[in-house]
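Here's a guided tour for anyone meeting this model for the first time. Keep the viewer open and follow along, heading by heading.

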Amino acid sequence: ALTGGMLWFFRDPERAPGTARILSPADGVVQSIDPWPDGRTRVAVFMSPLDVHVNRAPLAGTVTSIEHVAGGFVPAFNKDSDKNERVVWHFATEVGDVELVQIAGAVARRIIPYLTVGAKVARAERIGLIRLGSRVDVYLPEGIEPAVSVGQRTVAGVTGLDHG
């Protein structure tokens, strides 16, 4: 039973990419949509322990930076989770720089990037794994309106985050 549970928990299903320009990087529920002072919009997707935890590239581009930031491990749905351990990604894309942040939660204490700086990524390509429950934030560039709403379920690599 334990082996079966672990196999189910760490599942990584094949998926055909959605048709939107910018795709959700994570399975989960949209926790918040926040305008940022620099004109970007942060879309935060909370992943429960029951969701798939493999994260995917929101759109095609080149990985320009990956930074591991040490921090705490409060629950990922808590507003203080912005201080949690995280990995900050930047992608050069057709819409400009796109920032993606993988945030560890109270249970998820290991973020595993699959790529390195300079890697070319396709839309919906696997970029990394967060073990157990956690959160992934995507910062939509200025002028891009989110097509999701708070409370909406997303599917990594399938659900569109923008109207483009």
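## Two aromatic pairs

This predicted model holds two aromatic pairs, where rings of Phe, Tyr and Trp (its six-membered ring) pair if their centres lie within 6.5 Å, with planes under 30 degrees apart called stacked, over 60 edge-to-face and the rest tilted. One of them brings together W36 and Y139, whose rings sit 5.3 Å centre to centre with 75° between the planes, an edge-to-face arrangement. This pair links distant parts of the chain: W36 belongs to the loop between β1 (28–35) and β2 (41–47), while Y139 is in strand β10 (residues 134–140), 103 residues apart. Helices (H or I, at least four residues) and strands (E, at least two) are DSSP runs, numbered from the N terminus. W36 is partly exposed, at a relative accessible area of 30%, whereas Y139 is buried at 7%; buried means under 20% relative accessible area, exposed over 50%, and partly exposed in between (1.4 Å probe, protein chains only).

Then there's the pair of W89 and F91: the ring centres are 5.8 Å apart and the planes are at 0°, so this pair is stacked. Both partners are out of sight, with W89 buried at a relative accessible area of 0% and F91 buried at 0% as well.

A quick word on the ground rules: residues are numbered from 1 along each chain as its sequence is written, and side-chain values use heavy atoms, leaving out hydrogens and water. Since the model is predicted, local features need pLDDT of at least 70 and side-chain atom pairs count only at pLDDT 80 or more, though totals for chains, interfaces and linings use all residues.

## The chain as a whole

So what is the chain built from? It has one helix and 11 strands, and reading along the sequence gives the pattern α-β-β-β-β-β-β-β-β-β-β-β. Of its 164 residues, 49% count as buried.

Contacts (heavy atoms within 4.5 Å) often reach across the sequence: among those with a separation of 6 or more, 69% are between residues 24 or more positions apart. On the outside, the chain exposes about 7500 Å², and carbon and sulfur atoms supply 58% of that. These areas come from the Shrake-Rupley method with a 1.4 Å probe, and for residues only the protein chains shown count as cover.

## Two sheets

Eight strands form an open sheet with antiparallel pairing, in the order β8-β4-β5-β6-β10-β2-β1-β11. Its edges are β8 and β11 (153–154), each pairing on one side only. Two strands count as paired if DSSP finds at least two bridges between them. Inside this sheet, β2 and β10 run antiparallel and are joined by seven bridges; M47, for one, has S134 in β10 as its bridge partner.

There's also an open sheet of three strands, antiparallel too, in the order β3-β9-β7. β3 (54–56) and β7 (111–113) are the edge strands, each pairing on one side only. On average, neighbouring strands here are turned by 25° against each other, direction ignored; the axes behind this are lines fitted to C-alpha atoms, for helices over the stretch in contact, with angles running from 0 to 180 degrees between N-to-C directions. Three bridges hold the antiparallel pairing of β7 and β9, and P113 stands opposite G128 in β9.

## Three residues to look up

Try Q102 in strand β6 (residues 96–104). Q102 counts as buried at 0% relative accessibility, and its side chain makes a polar contact with the side chain of N55 at 2.7 Å. A polar contact is a pair of N or O atoms within 3.5 Å; within protein, one must be able to donate a hydrogen and the other to accept it, and residues adjacent in sequence count only if both atoms are side-chain atoms. Not counting residues up to four places away in sequence, Q102 touches several others, including W89, I111, G128 and R135.

E67 lies in strand β4 (residues 61–69) and is partly exposed, at 48% relative accessible area. Beyond its neighbours within four places in sequence, E67 is in contact with R86, V87 and V88. Finally, find A124 in the loop between β8 (120–121) and β9 (126–130). A124 is buried at 7% relative accessibility, and its phi is near 70°, a positive value in a residue other than glycine.
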